[in-house]
Amino acid sequence: MFEVLVYLYENYASFATGKQDEWPDAEALSRKLSAVGFEQDEISDAIDWLQGLARVSQGAVTLRQARPNSFRSYASFEVDRLGHDAVAFLWFLEAQQQLSAAQREIVIERALAMARRDEEWPVPVAKLKLIVLMVLWSQQADVDTLLLEELLDDGDDRLLH
């Protein structure tokens with residue numbers, strides 16, 4: 001499923017810009033993805049995940065600005081499925097004011113939804129980074145250039161200039 005999502009974000013501008021009203025309908029999208037070579041179950045899971053993202057994003061309750069000394073406590077099942085590295089990464093993004101409390105909650109919900117479907121937990125940080133990026137794009141949030149580089153970093157060593 002994850003490969004389908006990455007393909008959509010790389011090849012359809014409406015996914016990368018977060019303009020959900022411009023997304024192709026599920027049936028047409030399914031046919032196009034099938035023609036490219038993706039399996040039908042992966043396509044269905046990806047479309048369900050995207051529809052869930054749209055639903056959660058539209059239904060997100062505006063949370064009050066977090067107070068300086070406030071924190072989010074994670075349930076044990078969240079830590080089990082997300083993993084300590086992913087929780088630490090979310091904390092870092094929020095501490096750096098790159099992710100709002102509402103966006104964090106959407107990321108957590110979508111990461112848990114993906115972990116349930118793929119039965120892959122803890123969620124690898126590389127996948128979490130792309131989930132964060134997808135959520136930020138769906139929110140039409142401005143993404144800082146340094147944050148974008150971090151979210152797109154695949155972990156390979158880079159040559160510094």
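In the next few minutes I will go through the overall make-up of this chain, its nonpolar core, its aromatic and charge-over-ring contacts, and one backbone feature in a loop.

Please keep in mind that what we are looking at is a predicted model. The protein chain contains nine helices and zero strands, so that, DSSP runs being numbered from the N terminus, I will simply refer to the helices by number. Of the 161 residues in the chain, 40% are buried, and the accessible surface comes to about 9800 Å², with 49% of that area belonging to carbon and sulfur atoms. If we take the contacts with a separation of 6 or more, residues 24 or more positions apart account for 68% of them.

Let me turn to the interior. The largest nonpolar core has 45 residues, and those with the most contacts inside it are Trp49, Leu82, Leu128 and Val132. Two or more residues each are given to this core by helix 1, helix 3, helix 4, helix 5 (76-82), helix 6 (84-95), helix 7 (101-118), helix 8 (125-138) and helix 9 (145-152), and the largest share, eight residues, comes from helix 7. What does Trp49 touch, once its neighbours within four places in sequence are left aside? Trp49 is then in contact with Met1 and Leu5, with Arg110, Ala113, Met114 and Arg117, and also with Ile131 and Met134.

Now to the aromatic rings, where a search of the whole structure finds one aromatic pair. This pair is formed by Tyr7 and Phe38, and it is edge-to-face, with 5.4 Å from centre to centre and 65 degrees between the planes. Because Tyr7 lies in helix 1 (residues 2-11) and Phe38 in the loop between helix 3 (26-36) and helix 4 (40-59), the pair ties together parts that are 31 residues apart in sequence. As for accessibility, Tyr7 counts as partly exposed at 23%, whereas Phe38, at 18%, counts as buried.

Two arginines also sit over rings. Arg72 lies over the face of Tyr74, at 4.5 Å from the ring centre, and the charged end of Arg81 is placed over the ring of Trp121, 4.3 Å from its centre.

Finally, the backbone. Most residues other than glycine have a negative phi. Which residue, although not a glycine, has a positive phi of about 60 degrees? That residue is Gln97, which lies in the loop between helix 6 and helix 7 and is exposed, with a relative accessible area of 71%.

Methods: Residues numbered from 1 in each chain as written. Predicted model: local features only at pLDDT ≥ 70, side-chain atom pairs only at ≥ 80, totals over all residues. Heavy atoms only, no water. Phe/Tyr/Trp six-rings, centres within 6.5 Å; stacked < 30°, edge-to-face > 60°. Helix = DSSP H or I, 4+ residues; strand = E, 2+ residues; numbered from the N terminus. Buried < 20%, exposed > 50% of the residue type's maximum accessible area, 1.4 Å probe, protein only. Lys NZ or Arg CZ within 6 Å of the ring centre and 35° of its normal. Core = buried A, V, L, I, M, F, W, Y, C linked by side-chain atoms within 4.5 Å. Contact = heavy atoms within 4.5 Å. Areas by Shrake-Rupley, 256 points an atom, 1.4 Å probe, with all protein chains shown as cover.
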